[in-house]
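Work through the exercises below with the structure in view. Try each task before you read its solution.

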Amino acid sequence: LLVNVSGFKNRAGRLRVQLYGGDPSEFLAKGKKVRRIDVPVTPAGEMRVCVAVPKPGRYAIAVRHDANNNRDSDWNDGAAFSRNPKISLLDLKPKYAEVSIPVGNGVKPIDVVLNYRQGLKIAPIGRN
């Protein structure tokens, strides 16, 4: 998967991209990711992260922008998922069926837009 990430609130911190396999019960479960890639946020533009999948099948991507680089999830961080589902303060974790995508042989690009808390809502703040 070639994950194209846009919509950064700021250009600080780290970006984490996690790949989850075909078992819906393991989606976002601690220790159940297939792959994890952590990279520093680039100074500008969309970030592209290549994630190797072990074999063809259905997978889901979860992205987190650790905006203050404290290695903890907090209200200043951004998040995104494959297929860009709407998330809210009451429903921070989408269902696997909403975010999973089929992956075959070859490179498959996917676009994800980061969401951040803005008052009482969570939404994209823009593309940069």
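## Exercises with worked solutions

**Exercise 1. Look at contacts along the chain.** What share of the contacts with a separation of 6 or more comes from residues 24 or more positions apart?

*Solution.* Note at the start that this model is predicted.
- Take the contacts in the chain with a separation of 6 or more; residues 24 or more positions apart account for 67% of them.
- For one pair of this kind, go to H65 and G13, which are 52 residues apart in sequence. Their C-alpha atoms are 7.1 Å apart in space.
- For another pair, take E26 and Y96, 70 residues apart along the chain. Their C-alpha atoms are separated by 9.0 Å.

**Exercise 2. Read the fold.** How many helices and strands does the chain have, and in what pattern do they follow along the sequence?

*Solution.*
- Count the elements: there is one helix, and there are ten strands.
- Then read along the sequence: the pattern is β-β-β-β-β-β-α-β-β-β-β.

**Exercise 3. Judge the overall form.** Which radius of gyration does the chain have, and which would a compact globule have?

*Solution.*
- Start from the length, 128 residues. A compact globule would then have a radius of gyration near 14 Å.
- The chain has 14 Å, so the two agree.
- Along the principal axes, the C-alpha atoms fill a box of roughly 40 × 30 × 25 Å.
- Buried residues make up 38% of the 128.
- The accessible surface comes to about 7,100 Å², and carbon and sulfur atoms hold 52% of that surface.
- Last, the charges: 22 are positive and 11 are negative, and their mean positions are 2 Å apart.

**Exercise 4. Place H65.** Is H65 buried or exposed?

*Solution.*
- Find H65 in strand β5, residues 57-66.
- Its relative accessible area is 0%. Buried means under 20%, so H65 is buried.
- Leave out residues up to four places away in sequence. H65 then touches F8, N10, A12, R14, L15, V41, D77, G78, L114 and Y116.
- Among these contacts is Y116. The side chains of H65 and Y116 are joined by a polar contact of 2.6 Å.

**Exercise 5. Place N115.** Which backbone oxygen does the side chain of N115 reach?

*Solution.*
- N115 sits in the loop between β8 (109-113) and β9 (116-118).
- Its relative accessible area is 10%, so N115 is buried.
- The side chain of N115 reaches the backbone oxygen of V113 at 3.3 Å.
- Beyond four places in sequence, N115 touches residues including D77, G78, I87 and P124.
- D77 and G78 are also among the residues that H65 touches.

**Exercise 6. Set Q18 beside E26.** Where does each residue lie, and how accessible is each?

*Solution.*
- Q18 is in strand β2. E26 lies in the loop between β2 (14-20) and β3 (35-40).
- Q18 has 12% relative accessibility, so Q18 counts as buried. E26 has 28%, so E26 is partly exposed.
- Now turn to Y20. The side chain of Q18 makes a polar contact of 2.8 Å with the side chain of Y20. E26 is in contact with Y20 too, and with K32, neighbours within four places aside.
- With such neighbours left out again, Q18 is in contact with K33, R35, R36, A60, I61 and A62.

Definitions and conventions:
Residues numbered from 1 in each chain as written. Predicted model: local features only at pLDDT ≥ 70, side-chain atom pairs only at ≥ 80, totals over all residues. Heavy atoms only, no water. Helix = DSSP H or I, 4+ residues; strand = E, 2+ residues; numbered from the N terminus. Rg over C-alpha atoms; globule rule 2.2 N^0.38 Å. Buried < 20%, exposed > 50% of the residue type's maximum accessible area, 1.4 Å probe, protein only. Contact = heavy atoms within 4.5 Å. Areas by Shrake-Rupley, 256 points an atom, 1.4 Å probe, with all protein chains shown as cover. Lys, Arg positive; Asp, Glu negative; His and termini not counted. Charge placed at Lys NZ, Arg CZ, Asp CG, Glu CD. Polar contact = N/O pair within 3.5 Å; in protein donor to acceptor, adjacent residues only side chain to side chain.
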